[in-house]
Amino acid sequence: MKSIVLREIKSFFGSPVGYLVIAIFLLLNGLFLWVFDGEFNILKSGFADLSPFFTLSPWILIFLIPAVTMRSFSDEKKQGTIELLFTKPLSIWQIVNGKFLGAFLLIVIAILPTLVYVYVLSSLGLPEGNIDMGSTLGSYFGLLFLVAAYTAIGIFTSTLSENQIVAFLIAVFLCFIFFYGFKELATYASVFEDGIEQFGVEYHFKSMSRGVIDTRDILYFVSITILFLSLTVFKLKSLKS
């Protein structure tokens with residue numbers, strides 16, 4: 001599995017993809033949080049608070065992660081190299097996990113530089129260091145779980161078509177449904193509003209952003225990740241047979 005992970009990382013940074021993903025993520029967040037006027041501008045808010053970053057990032061990642069994962073298996077199918085993958089002394093689960101970890105690590109690398117925001121806000125706070133580290137760390141923790149769920153969805157959709165654009169669009173659609181769709185659906189079913197909303201990623205991400213790590217939130221993200229990785233394995237087994 002390690003060989004698959006290293007192969008994915010090398011392919012990302014052996015082409016402009018890896019650098020573009022990191023640059024786009026940091027540039028968009030930087031512009032909205034520090035330059036553009038609007039509700040996300042931290043300097044104009046008057047609070048040493050990173051909540052605008054954690055509000056904005058999931059929406060950026062809805063598009064960015066599918067752009068990373070869309071080639072995972074669709075390109076292998078198009079190039080005819082997926083048969084070579086199946087001949088490796090690896091189980092399908094190991095192949096899928098290798099692809100998943102490769103894409104996941106790339107997004108984590110893109111997120112790491114944003115830790116500078118924590119230092120900057122801590123320095124700007126009055127008094128210095130006046131920042132809610134509990135909610136900030138909880139939000140980063142939740143963001144990693146959200147990335148894992150989005151990545152698993154993207155890996156799965158890459159098995160559905162040889163066309164990378166089709167895989168990208170399906171992944172964006174599914175990520176959107178899981179992040180915002182259930183919340184919107186809940187407004188039309190007031191009787192079951194709380195129950196329906198809890199199926200959504202946003203509900204559990206916001207819960208973790210409060211700084212309280214609830215096992216129910218962790219189990220939710222782990223379940224979504226495992227579900228889509230399992231669907232990926234099932235799809236690949238059908239292709240192999």
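Which side chain meets glutamate 202 in a salt bridge? Select helix α12 (201–209) and look for lysine 206: the side chains of glutamate 202 and lysine 206 form a salt bridge, 3.5 Å from N to O. (A salt bridge here is a side-chain nitrogen of Lys or Arg within 4 Å of a carboxyl oxygen of Asp or Glu.)

Before going further, a note on what is on your screen. This is a predicted model, in which local features need pLDDT of at least 70 and side-chain atom pairs count only at pLDDT 80 or more, while totals for chains, interfaces and linings use all residues. Residues are numbered from 1 along each chain as its sequence is written, and side-chain values use heavy atoms, with hydrogens and water left out.

**Stop 1: helix α12**

Stay with the opening pair. Glutamate 202 and lysine 206 both belong to helix α12, four residues apart, which is about one turn of the helix. (Helices, H or I with at least four residues, and strands, E with at least two, are DSSP runs numbered from the N terminus.) Colour the two by accessibility: glutamate 202 counts as buried at 11% relative accessibility, whereas lysine 206 is partly exposed at 43%. (Buried means under 20% relative accessible area, exposed over 50%, and partly exposed in between, with a 1.4 Å probe and protein chains only.)

**Stop 2: the salt-bridge network**

The structure holds five salt bridges in total. Select Arg7, Glu8, Glu76 and Lys99 next, which salt bridges with shared partners join into one network.

Start with glutamate 76 and arginine 7, whose side chains meet at 2.8 Å, N to O. Glutamate 76 sits in helix α5 (residues 74–79) and arginine 7 in helix α1 (residues 2–13), so this salt bridge ties together parts that are 69 residues apart in sequence. At 4% relative accessibility glutamate 76 is buried, while arginine 7 is partly exposed at 34%.

Now move to lysine 99 and glutamate 8, where the N to O distance of the salt bridge is 3.0 Å. This pair also links distant parts of the chain, with lysine 99 in helix α7 (residues 92–111) and glutamate 8 in helix α1, 91 residues apart. Are these two buried or exposed? Both lysine 99 and glutamate 8 are buried.

**Stop 3: asparagine 29 and serine 57**

Select asparagine 29 in helix α2 (residues 16–35) and serine 57 in helix α4. Asparagine 29 is buried, at 0% relative accessibility, and serine 57 is buried at 0% too. Their side chains make a polar contact at 3.5 Å. (A polar contact is a pair of N or O atoms within 3.5 Å; within protein, one must be able to donate a hydrogen and the other to accept it, and residues adjacent in sequence count only if both atoms are side-chain atoms.)

Show the surroundings of each, leaving aside residues up to four places away in sequence. Asparagine 29 touches Trp34, Phe53, Leu56, Ser57, Ile60 and Tyr117. Serine 57 is in contact with Phe25, Asn29 and Leu143. (Contact means heavy atoms within 4.5 Å.)

**Stop 4: threonine 151**

Go to threonine 151 in helix α9, which is buried with a relative accessible area of 0%. What does its side chain reach at 2.6 Å? The answer is the backbone oxygen of valine 147. Beyond four places in sequence, threonine 151 touches Ile65, Thr69, Phe100, Ala103 and Phe104. For a distance label, try the C-alpha atoms of threonine 151 and leucine 64: they are 87 residues apart along the chain and separated by 10.0 Å.

**Stop 5: the largest pocket**

Select Ser51, Phe54, Thr55, Phe205 and Ser209 together. The largest pocket contains about 330 Å³ of space, and these five are the closest to its centre among the 20 residues that line it. (On a 1 Å grid over the protein atoms alone, a pocket is an open set of points where a 1.4 Å probe fits, with protein on both sides within 12 Å along at least five of seven lines; lining residues have an atom within 4 Å of a point. Grid points are joined across faces, edges and corners, and the volume is the space filled by probe spheres set on them.)

Helices α4 (51–69), α9 (133–157), α10 (164–186) and α12 each supply at least two lining residues, and the largest share, five residues, comes from α4. By type, the lining divides into nine nonpolar, six polar and five charged residues. (Ala, Val, Leu, Ile, Met, Phe, Trp, Tyr, Cys and Pro count as nonpolar, Asp, Glu, Lys and Arg as charged, and the others, Gly among them, as polar.)

**Last stop: phenylalanine 47**

Finish at phenylalanine 47, in the loop between α3 (42–45) and α4. At 61% relative accessibility, phenylalanine 47 counts as exposed. Draw a line from its C-alpha to that of glutamine 79: the two residues are 32 apart in sequence and 51 Å apart in space.
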